[in-house]
Amino acid sequence: MNPTLLISATPSAWPDSVTVNWRRLSHGLWRVPEGDIHAAYSAETFPRVAVFAHEGRLFTNCGVHFYGAVHAEADCYPLISGGEYRGPEQRQYTYQGREAEYRGEVFRLGPKVVFKTSDPTVEEWRRLLRVHYADGGMFVAGRTYLEFLGQRFAPNSENEESARQKELAERGLREMPHNQAEMRRLLENEGDTATATPRPEQTDLAL
């Protein structure tokens, strides 16, 4: 076991929650690659698990909850060598203390740590709004981009609302796409580099 992958296995040593870049919990839609935390979802394959690395420690993801198209939380558990585990024994309704298999080795799962998405920046939200309109299918069919921006809007953050306002202002300054086909062409001409960042490296740490 690589010692850099473990800190104290005492439950009090683990944080209750961690905020990470929103892309790490991306589900692979809206022209954003699937994030490493989302890709480590293992509830359906348990006790065999996939993992992701965070600050030199390995975790598995046993549940994801989305709040809108971007914001999400994942219930994750650190992998701890059996000899290092100091938590409670396995009990119902929690993964803590249960045995999990990764790369042929058996580990115990530590206390739950909730990984939460950061809020995209205003510019990231602007890109996402355009993608949501272009790829929104039946939910935006027949609407212009202006109608999409002006429809009943319940943003999850100030950044999202600021992005909408900037998009409305941008439309007043220059010609903007009127329909989904035009928006798709605009996105293709601009390229998707704003959202298609490389996926964080995953699971290459030695055990």
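# Cavities, cysteines and salt bridges

Trainee: How many cavities of 30 Å³ or more are there in this model?
Mentor: The count comes to two cavities of 30 Å³ or more. Keep in mind as we go that this is a predicted model.

Trainee: How does one find empty space like that, in general?
Mentor: A probe the size of a water molecule is rolled over the atoms, and that shows where empty space is left.

Trainee: OK, how much space lies in the largest cavity?
Mentor: About 70 Å³.

Trainee: And which residues line the largest cavity?
Mentor: From the earlier part of the chain there are Trp-22, Leu-25, Ser-26, His-27, Leu-29, Trp-30 and Val-32. The lining also takes in Phe-66, Ala-69, Val-70, Leu-128 and His-132.

Trainee: How does the lining of the largest cavity divide into nonpolar, polar and charged?
Mentor: Nine of the residues are nonpolar and three are polar, with no charged ones.

Trainee: Arg-24 isn't on your lining list, then. Where is Arg-24 found?
Mentor: Arg-24 sits in the loop that runs between strand S1 (17–20) and helix H1 (36–39).

Trainee: Is Arg-24 buried or exposed?
Mentor: Buried, at 12% relative accessible area. A polar atom of the Arg-24 side chain lies 2.9 Å from the backbone oxygen of Ala-53.

Trainee: Switching to cysteines: how many disulfides are there?
Mentor: Zero disulfides by the distance rule.

Trainee: Why is there no bond for Cys-62?
Mentor: Because the closest cysteine sulfur, in Cys-76, is 7.6 Å from the sulfur of Cys-62, and that is too far for a bond. The cut-off for a disulfide is 2.5 Å between the sulfur atoms.

Trainee: Are Cys-62 and Cys-76 buried or exposed?
Mentor: Cys-62 is buried, with a relative accessible area of 9%. Cys-76 is buried too, with a value of 0%.

Trainee: Now the charged side chains. How many salt bridges does a search of the whole structure find?
Mentor: It finds 13 salt bridges. One of them joins the side chains of Arg-126 and Glu-170, at 3.7 Å from N to O. That pair links distant parts of the chain, with Arg-126 in helix H2 (residues 122–134) and Glu-170 in helix H4 (residues 158–173), 44 residues apart.

Trainee: Is Arg-126 buried or exposed?
Mentor: Arg-126 is buried, with 12% relative accessible area.

Trainee: What about Arg-127, which residue forms a salt bridge with it?
Mentor: Glu-190 does, and the closest N and O atoms are 3.1 Å apart. This pair also links distant parts of the chain: Glu-190 is in helix H5 (residues 180–190) and Arg-127 is in helix H2, 63 residues apart.

Trainee: How accessible are Glu-190 and Arg-127?
Mentor: Glu-190 counts as partly exposed at 38% relative accessibility, whereas Arg-127 is buried at 7%.

Trainee: And which residue does Arg-130 pair with in a salt bridge?
Mentor: Arg-130 pairs with Glu-167, with closest N and O atoms 2.7 Å apart. Glu-167 lies in helix H4 and Arg-130 in helix H2, so this salt bridge ties together parts 37 residues apart in sequence. Glu-167 is buried at 0% relative accessible area, and Arg-130 is buried at 8%.

Trainee: Which residues are linked in a network of salt bridges?
Mentor: The network links Glu-123, Arg-126, Arg-127 and Arg-130 with Lys-166, Glu-167, Glu-170 and Glu-190.

Definitions and conventions. Residues are numbered from 1 along each chain as its sequence is written. This is a predicted model: local features need pLDDT of at least 70, side-chain atom pairs count only at pLDDT 80 or more; totals for chains, interfaces and linings use all residues. Side-chain values use heavy atoms; hydrogens and water are left out. Helices (H or I, at least four residues) and strands (E, at least two) are DSSP runs, numbered from the N terminus. Buried means under 20% relative accessible area, exposed over 50%, partly exposed in between (1.4 Å probe, protein chains only). A polar contact is a pair of N or O atoms within 3.5 Å; within protein, one must be able to donate a hydrogen and the other to accept it, and residues adjacent in sequence count only if both atoms are side-chain atoms. On a 1 Å grid over the protein atoms alone, a cavity is a set of points where a 1.4 Å probe fits but cannot get out, and a pocket is an open set with protein on both sides within 12 Å along at least five of seven lines; lining residues have an atom within 4 Å of a point. Grid points are joined across faces, edges and corners, and a volume is the space filled by probe spheres set on the points. Ala, Val, Leu, Ile, Met, Phe, Trp, Tyr, Cys and Pro count as nonpolar, Asp, Glu, Lys and Arg as charged, and the others, Gly among them, as polar. A salt bridge is a side-chain nitrogen of Lys or Arg within 4 Å of a carboxyl oxygen of Asp or Glu.
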